[in-house]
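Please open the model in your viewer and keep the selection panel at hand, as the tour below moves from one selection to the next.

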Amino acid sequence: MRDNIKYGVKLSGVGVFSFLKLAVVGVPSAIISLITGIVLLSNGLLVDEQGKAYESSFSTFIKDYPYLSILLLLTVISIYFVFSFASQYAMRKVASRVIEDKAETYLEPMMDKAMDKTLGNISEEEKRSMIQRGLDYSVLKLQTVNNIKEESSNRWVKYLLAYGFSKLKLDDIPFGDEKFNVRDEIKKRVMIAIKDFATPSSQLFWAIVIYHWLVIGVILFMR
């Protein structure tokens with residue numbers, strides 16, 4: 001129990017650090033580029049229909065520069081995606097650490113407890129029948145995901161296991177094999193899904209950060 005708590009804290013540390021590593025770059029980047037863009041557009045020089053030059057202001061820059069203002073609006077929206085990608089990156093880093101640590105022995109007891117509540121009183125023959133019927137097993141899978149959320153206080157672990165079960169597909173089960181065990185196969189495939197998920201990449205995040213500063217470049221060129 002104590003080791004599980006320590007390992008849960010370790011995974012939380014990995015997740016939080018990975019999230020902050022992107023968030024502390026992405027959010028300030030968006031805010032600084034937004035403020036810079038507003039200042040630049042608020043001090044732009046334009047020519048009216050009579051050919052008279054005038055200066056834009058903070059209260060008129062949206063009307064004066066409608067298309068460039070849309071770019072700034074997208075910069076504001078990008079903050080949501082910064083948090084979204086940072087969260088996804090953190091989850092994948094946690095999954096990667098779980099795989100690196102070969103932590104199946106940490107996750108499997110939680111899977112066992114969750115499945116005990118949904119499959120514990122069901123015979124192996126009935127489990128196979130449910131899988132073949134499809135719909136019944138889909139309901140049980142959802143119940144198992146809900147049970148997982150009750151088995152651990154660590155949100156990273158709960159997310160990984162819930163993700164693994166949500167991606168679980170049992171449409172190529174060897175029903176003719178008498179030694180086949182549905183429960184063991186479920187655990188194995190959940191771990192495979194988590195391993196497939198454990199591929200952290202920050203490329204999209206950096207594309208957003210580059211966009212922030214490309215917007216400033218476009219404003220400087222066109223205002």
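Start by selecting arginine 97 and glutamate 100, which both lie in helix H3, three residues apart, or about one turn of the helix (helices are DSSP runs of H or I with at least four residues, strands are runs of E with at least two, and both are numbered from the N terminus). These two residues form a salt bridge in which the closest N and O atoms are 3.7 Å apart, the term being used for a side-chain nitrogen of Lys or Arg within 4 Å of a carboxyl oxygen of Asp or Glu. Arginine 97 is partly exposed at 27% relative accessibility, whereas glutamate 100 is exposed, with a relative accessible area of 55%; here buried means under 20% relative accessible area, exposed over 50%, and partly exposed in between, with a 1.4 Å probe and protein chains only.

Before going further, note that this is a predicted model, in which local features need pLDDT of at least 70 and side-chain atom pairs count only at pLDDT 80 or more, while totals for chains, interfaces and linings use all residues. Residues are numbered from 1 along each chain as its sequence is written, and side-chain values use heavy atoms, with hydrogens and water left out.

The structure holds three salt bridges, so select lysine 10 and aspartate 101 next, whose side chains meet at 3.3 Å, N to O. Because lysine 10 lies in helix H1 and aspartate 101 in the loop between H3 and H4, this pair ties together parts that are 91 residues apart in sequence. Then move to lysine 187 and aspartate 112, where the closest N and O atoms of the salt bridge are 3.1 Å apart. This pair links distant parts of the chain, with lysine 187 in helix H8 and aspartate 112 in helix H4, 75 residues apart. Lysine 187 is buried, with a relative accessible area of 12%, and aspartate 112 is partly exposed, at 22%.

Now turn to the interior and select Leu107, Met111, Leu161, Phe165, Val190 and Ile194, the residues with the most contacts inside the largest nonpolar core, which has 30 residues. Such a core is a set of buried Ala, Val, Leu, Ile, Met, Phe, Trp, Tyr and Cys residues joined through side-chain atoms within 4.5 Å. Centre the view on leucine 161: leaving aside its neighbours within four places in sequence, leucine 161 is in contact (heavy atoms within 4.5 Å) with Leu107, Met110, Met111, Ile148, Val190 and Ile194. Apart from this core lies another, of 10 residues, among them Leu34, Leu40, Leu41 and Leu68.

Which rings are worth displaying? The structure holds eight aromatic pairs, meaning rings of Phe, Tyr and Trp (its six-membered ring) with centres within 6.5 Å, where planes under 30 degrees apart count as stacked, over 60 as edge-to-face and the rest as tilted. Select tyrosine 163 and phenylalanine 197, whose ring centres are 4.4 Å apart with planes at 40°, so the pair is tilted. Tyrosine 163 is in helix H7 and phenylalanine 197 in helix H8, 34 residues apart. Next select phenylalanine 205 and tryptophan 206, whose centres are 5.0 Å apart and whose planes stand at 75°, so this pair is edge-to-face. Phenylalanine 205 is buried at 1% relative accessible area, while tryptophan 206 is partly exposed at 39%.

Finally, select Tyr80, Phe81 and Phe85, which ring pairs link into a cluster.
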